[in-house]
Amino acid sequence: MSPLLFLLLAALTVASALTVVVHTNPVHSACALVLTLCLLAVFFLGLDAQLVALLQVIVYAGAIVVLFLFVIMLLNLRVEARAMAGTLLVGTAAAGGVALAVLIVTALRRAAPPATANLPAGFGETAALGRQLFTVYLLPFELTSLLLLVAIVGAVALAKKPT
Amino acid sequence: MADVAITAAKSLFIVLLVVQVMGLGVFFERKVSALIQDRIGANRAAILGFAGLGLVNTLVADPIKFLLKEDVVLAGTDHVLHFLAPVLSLVPVLVTFAVVPFGDVLQVGGRTINLQAAELNVGILYVLAMVSLGVYGVVLGGWASNNRWSLLGGIRGSAQMISYEIAMGLAVVSVVLTYNTLDLQVMARAQGHLIGGWLPGWGILYQPVAFLVFMTAGVAESKRIPFDLPEGESELVSGYFTEYSGAKHLMFMMSDFVEVVLVAALVTTLFFGGWQVPYLLRDGFHLPWGAALALPSWAVALLQVTSFALKLVFFTWLQIVVRWTLPRFRYDQLMRLGWQGLLPVALANVVVSALVIVLAAGPAA
Amino acid sequence: MTPPLAWYLGLSAVLFAIGVLGVLIRRNVIVIFMAIELMLNAVNLSFVALARSTGSMDGQVIVFFVMTVAAAEAAVGLAIILSMFRNRETTNVDELATLRW
């Protein structure tokens with residue numbers, strides 16, 4: 001991915017992320033979230049993670065945000081009057097956010113493991129991910145399936161109308 | 001630079017092919033429905049007395065009418081979302097055709113061109129991703145219209161689409177297990193072998209249950225009858241695209257027909273050999289009784305593209321006949337079929353396919 | 001030439017900070033949820049960038065798990081919001097504050 005393309009897409013991603021948290025209409029926030037997720041999928045493609053990029057679109061943009069939209073429409077949420085906290089809190093939070101971003105970048109750069117020059121063959125492809133998933137990470141995989149079952153049962157039980 | 005030009009040419013070709021088949025689909029919709037219902041169908045619009053069996057009406061008069069109609073935008077609607085919804089409905093379906101292979105290879109000027117617009121090694125997942133994105137057009141179209149029938153149609157439509165996506169995905173999983181790849185071109189090539197020396201080994205012989213599940217889920221995804229309650233004419237006026245007129249309505253209708261062609265293209269590629277012509281290899285025909293007919297590579301490519309186009313037309317016609325034959329499902333029947341019918345069948349199919357593959361591979365696997 | 005790792009980490013940090021901002025300043029509980037999803041995605045970007053930098057697939061496997069857990073959490077969280085809305089007819093966190101001091 002060329003640096004110019006990266007900068008353009010990064011600017012767009014930050015702009016849509018800001019729209020998610022700043023816009024007063026929840027449906028517009030959800031649409032901005034979809035845009036952010038699809039742009040992140042493009043970044044994943046540039047980082048040789050093809051399977052993860054498409055999973056991002058299928059799972060996040062295609063299912064989770066649709067669920068958000070359903071709930072927004074069921075609750076018939078409109079633009080609200082008191083959408084955000086007071087100015088003092090917004091200012092403090094913004095300053096804190098900038099400090100947090102700087103802190104994260106510094107910490108990650110210091111702690112990053114050494115980089116390798118060559119990628120192994122088949123990096124980012126389905127076979128490589130599957131090999132890791134079903135050998136090294138088998139226990140978390142099975143536990144995740146259990147977690148999903150619990151989440152389905154819990155969500156249905158919570159969302160049912162009390163009879 | 002030549003690579004960019006070649007990819008652009010391939011993309012243009014597949015888009016044009018899709019739009020032609022879609023136009024043919026619209027024509028079939030009016031003429032085949034007329035034949036089924038024992039009437040003549042649209043045949044009045046004519047240019048200089050040439051009515052062409054209704055072709056002029058469907059392919060010339062209708063688009064002009066749609067494009068020239070006034071674009072009514074009501075007060076109280078969300079203008080941005082109202083404008084975006086048809087785009088979000090049409091664009092994901094059109095870009096899915098980038099990974100559909102329409103031929104094997106074309107040898108031209110020393111280059112071997114793979115006849116597939118984008119060679120993704122996760123091709124079938126790209127298709128599922130774009131189908132997932134198509135839900136937004138429906139749900140936002142229903143919401144942005146500020147109309148309770150549109151909202152009902154939009155919610156029903158998106159709930160139906162996400163339910164049947166799961167069955168579609170599971171049917172695809174069993175096909176992926178059979179061919180051991182996610183790339184559509186590799187799957188199409190893998191269906192070129194002969195079983196027992198004479199029967200073309202097309203996907204339907206290996207995965208008949210997956211074909212039925214995929215076809216049903218595909219028809220439900222494109223919200224065609226018998227699954228068209230979100231668009232329920234006579235119940236919801238026009239469902240989620242009630243408040244759209246002119247070009248935006250045309251985009252919604254186009255996305256309906258392009259999805260029909262998409263389901264036809266996927267069924268062809270996954271289960272009916274894609275561009276495969278029986279007994280045709282890269283250098284000519286190799287008939288099972290030993291005779292062979294050598295053909296130049298451009299003739300082979302032409303035959304394969306023609307066979308793909310014919311199969312597309314056939315499956316489009318099949319979906320249109322189904323539309324005009326079956327009555328509509330009630331909404332709870334529809335949801336019950338998706339979750340309690342197709343999903344367990346598709347899951348069982350995956351398990352049985354995996355078992356058969358492991359057992360057939362023998363003790364070495 | 002691919003962009004250096006630091007750029008990806010910087011973008012991830014900025015997105016994470018925007019998510020934190022969203023959780024702190026918005027009063028609508030669903031938008032707070034969306035900001036949480038934004039934070040999770042920022043972390044995913046970090047993982048994938050580091051996976052490519054070190055050449056190990058572990059980063060992408062962890063992203064797979066993060067996505068699954070985020071899906072489960074979104075489903076259950078939205079169900080909780082639905083039932084709270086049925087009870088109190090509001091999605092403003094200032095009014096859903098029964099457990100506060």
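What pLDDT does chain C average, and what share of its residues score at least 70? This is a predicted model, so confidence is a good place to start: chain C averages a pLDDT of 89, with 98% of the residues at 70 or above. Two helices mark the ends of the confidence range in chain C, and here they are side by side.

| Helix of chain C | Residues | Mean pLDDT | Confidence in chain C |
|---|---|---|---|
| α1 | 5–25 | 91 | lowest |
| α2 | 29–54 | 93 | highest |

For the model as a whole, ipTM comes out at 0.91 and pTM is 0.91 too. As a general reading tip, predicted coordinates shouldn't be read in detail where pLDDT is low.

Now for the inside. The largest nonpolar core has 174 residues, and V65(A), A171(B) and V261(B) are the ones with the most contacts within it. Helix α3 of chain A, covering residues 50–74, chips in the most, giving 17 residues to this core. Domain 1 (1–80) and domain 2 (122–163) of chain A each supply at least three residues to the core.

Let's zoom in on V65(A). Setting aside neighbours within four places in sequence, V65(A) touches A30(A), L33(A), V34(A), L37(A) and Y60(A).

Back to those two domains of chain A. Their C-alpha centres sit 22 Å apart. Where they meet, domain 1 puts in 4 residues and domain 2 puts in 5. On the domain 1 side, the touching residues split into 2 nonpolar, 1 polar and 1 charged.

Terms used
Residues numbered from 1 in each chain as written. Chains lettered and ligands numbered in written order. Predicted model: local features only at pLDDT ≥ 70, side-chain atom pairs only at ≥ 80, totals over all residues. Core = buried A, V, L, I, M, F, W, Y, C linked by C-beta atoms within 7 Å. Buried ≥ 20, exposed ≤ 12 C-beta atoms within 10 Å, placed from the backbone. Helix = DSSP H or I, 4+ residues; strand = E, 2+ residues; numbered from the N terminus. Domains from an automatic or database assignment. Contact = placed C-beta atoms within 7 Å. Nonpolar A, V, L, I, M, F, W, Y, C, P; charged D, E, K, R; others polar. pLDDT = per-residue confidence, 0-100.
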